[in-house]
Amino acid sequence: MINKTLATCGEAVANIFDGATVMVGGFGEPGVPGRLIEALREQGATNLVVIHNGAGFHDFALGGLFKDGRVRKLVASFPNYPSATAFRDRYLKGDTELELVPQGTLIERIRAAGAGLGGFYTRTGVGTDLAAGKEIRVIDGRPYVFETPLNADFALVKAERADRLGNLAYRYAMRNFNPIMATAAKTVIAEVEKLVPVGTLKPDEIHTPGVFIDHVVEIDRHPRLFEPHYEEAGT
Amino acid sequence: MLTRDGIAYRVARDLPEGAYVNLGIGIPFLVTSYLAPDREIFIHSENGILGVGPVAERGKEDPDLVNASKDYITLLPGSSVFDHALSFTMIRGGHLTHAVIGAIEVAANGDLANWRVPGQKVPGVGGAMDIAVGIENLYVAMTHTTNKGQSKILTKCTCPLTAPACVKRIYTDMGLIDVTPEGLVLREVAPGLTPLAVEKATAAPLRVADDCRQMDVPPTFNGVGLLQ
């Protein structure tokens, strides 16, 4: 019998090694696997390359990895918002390198890796600093820039519901990078809010088929993510 | 001169029935408040939402529902949610009809600079470059000048480009300018301004359209008193 469930986030992230490349899903707060990131912070792996759209919030969840100096390099599209304080500190000190990628190119590089493609040509970035030094090819009279696939050793994703087979269903804006990242890493770990028996998720409801998933952990929501007013409340 | 809301109001008047619109942060996001209620217009958010509704009431926020500005939002009937790859397929593949985006600088040929100011310590680009190349009717909504009074409309951009020759129309607190193959054309001026005043505030050649007229906006959006 296939059973991809694990009891704790600690077990799920135990094999993440020093120097690993780790994709982290989420956009803003929805879809951020906050409990898995917390467990990774506790686990201690360092010198990580993190692939994520942003750069975390303050010093918790992903921000905590920056605060602890555990991230050698961040691949992101939008790491420069005011609450990305821990990343900002590390970046300005020169401790963490940044590879800035346009958001649509970031997701498509991940998609390409997951789909077994060797890259793609896009118009995004042509004529800008972010295409400097890259191959340009004219297709149907228009210039395109070549972008390479982006894969990882591990992907940490979040969904609302899952079964023991690793089938995942997301809710509203939780989906974002998660289903695509789930295709592009050697080991894919999902934290979910509810584990349900096989058959409860109907075939039409499954956004990520279990074939992509290695481990599933049922969690309580991260206490500091998903709280609209925590900053105003000063907590 | 228009207020920020006045600029958003004027942009909203130009979004037609059946438009699928990506809105950037800042003045562009204010456009949601002024959409004509008798037109069906779908707002797209890059994190995978089509059919964004008003911002959620306090206390009724759904933690799984934010827009690209990280505001907690609601969904309209007929909305859909999807992943990032599909969201950027909509953007880059030319499926959305309009985008309203902020700018640091716009050049006379439609070059857009809106992702990085010189000396900015931490860079970020988000979806701006994808939106600039993928969405046909790319409208800029911005103040005409910097807070130091320098024109943000230039012969050539000085800041790093987001994309070359992509802007179709510029809405500012001073007027409405079309980017045409023959250069910039002033179509409308804000209440209380002359075309000459707009020309003087613009650091690029500006042709005044033969039918250039005063912008039709309610007086509440006239910000002369507020700005001076």
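Select residues 105–107 of chain B, which form strand β6, and then β7(B): two bridges join these strands, and the pair runs antiparallel. This is a predicted model, with an ipTM of 0.95 and a pTM of 0.95.

Within that pair, pick B:E105. Opposite B:E105, in β7(B), stands B:A113.

Now add β9(B) to the selection. The three strands make an open sheet in the order β7-β6-β9, and the pairing in this sheet of chain B is mixed. Which strands stand at the edges? They are β7 (112–113) and β9 (153–154) of chain B. Each of these two has a single partner strand, so one of its sides has no neighbour in the sheet.

Next, show the whole of chain B. Its secondary structure consists of six helices and 13 strands. The radius of gyration of chain B is 17 Å, close to the 17 Å that the globule rule gives for 228 residues, so chain B is as compact as a globular protein of that length. Along the principal axes, the C-alpha atoms of chain B fill a box of roughly 50 × 35 × 30 Å.

If you colour chain B by burial, 48% of its 228 residues come up as buried. Colouring chain B by pLDDT gives a mean of 94, with 98% of the residues at 70 or more. For the contacts inside chain B, take those with a separation of 6 or more: 64% of them are between residues 24 or more positions apart.

Move to chain A and show it whole. Chain A has seven helices and twelve strands. Its C-alpha atoms fill a box of roughly 55 × 45 × 35 Å, again taken along the principal axes. A compact globule of 235 residues would have a radius of gyration near 18 Å, and chain A agrees with this because its own value is 18 Å.

Burial in chain A covers 53% of its 235 residues. Of the contacts in chain A between residues at least 6 apart in sequence, 75% join residues at least 24 apart.

Now select residues 34–43 of chain A, which are helix α2. Is this helix largely enclosed or largely open? Seven of its ten residues are buried, so α2(A) is largely enclosed by the rest of the structure. To see them, pick A:G34, A:R35, A:L36, A:I37, A:E38, A:A39 and A:L40.

What do these buried residues pack against? Add these elements of chain A to the view:

- the helices α1 (9–12) and α3 (62–67)
- the strands β2 (21–24), β9 (152–162) and β11 (185–195)

Then step past the end of the helix. A:G44 follows α2(A), and its phi is positive, near 105°.

For the last stop, show both chains together and look at where they touch. Here 37 residues of chain A are in contact with 35 residues of chain B. On the side of chain A that touches chain B, select α4 (85–93), α5 (103–114) and α6 (178–181), each of which supplies at least two residues. Which element gives the largest share of this side? It is α5(A), with five residues. Finally, colour this side of chain A by residue type: 18 residues are nonpolar, eleven are polar and eight are charged.

Key
Residues are numbered from 1 along each chain as its sequence is written. Chains are lettered from A and ligands numbered from 1 in the order in which they are written. This is a predicted model: local features need pLDDT of at least 70, side-chain atom pairs count only at pLDDT 80 or more; totals for chains, interfaces and linings use all residues. Two residues are in contact if their C-beta atoms, placed from the backbone, lie within 7 Å. Helices (H or I, at least four residues) and strands (E, at least two) are DSSP runs, numbered from the N terminus. Ala, Val, Leu, Ile, Met, Phe, Trp, Tyr, Cys and Pro count as nonpolar, Asp, Glu, Lys and Arg as charged, and the others, Gly among them, as polar. The radius of gyration is taken over C-alpha atoms; the globule rule is 2.2 Å times the number of residues to the power 0.38. A residue is buried if 20 or more other C-beta atoms lie within 10 Å of its own, exposed if 12 or fewer, and partly exposed in between; C-beta atoms are placed from the backbone. Two strands pair if DSSP finds at least two bridges between them. pLDDT is the predictor's confidence in each residue, from 0 to 100.
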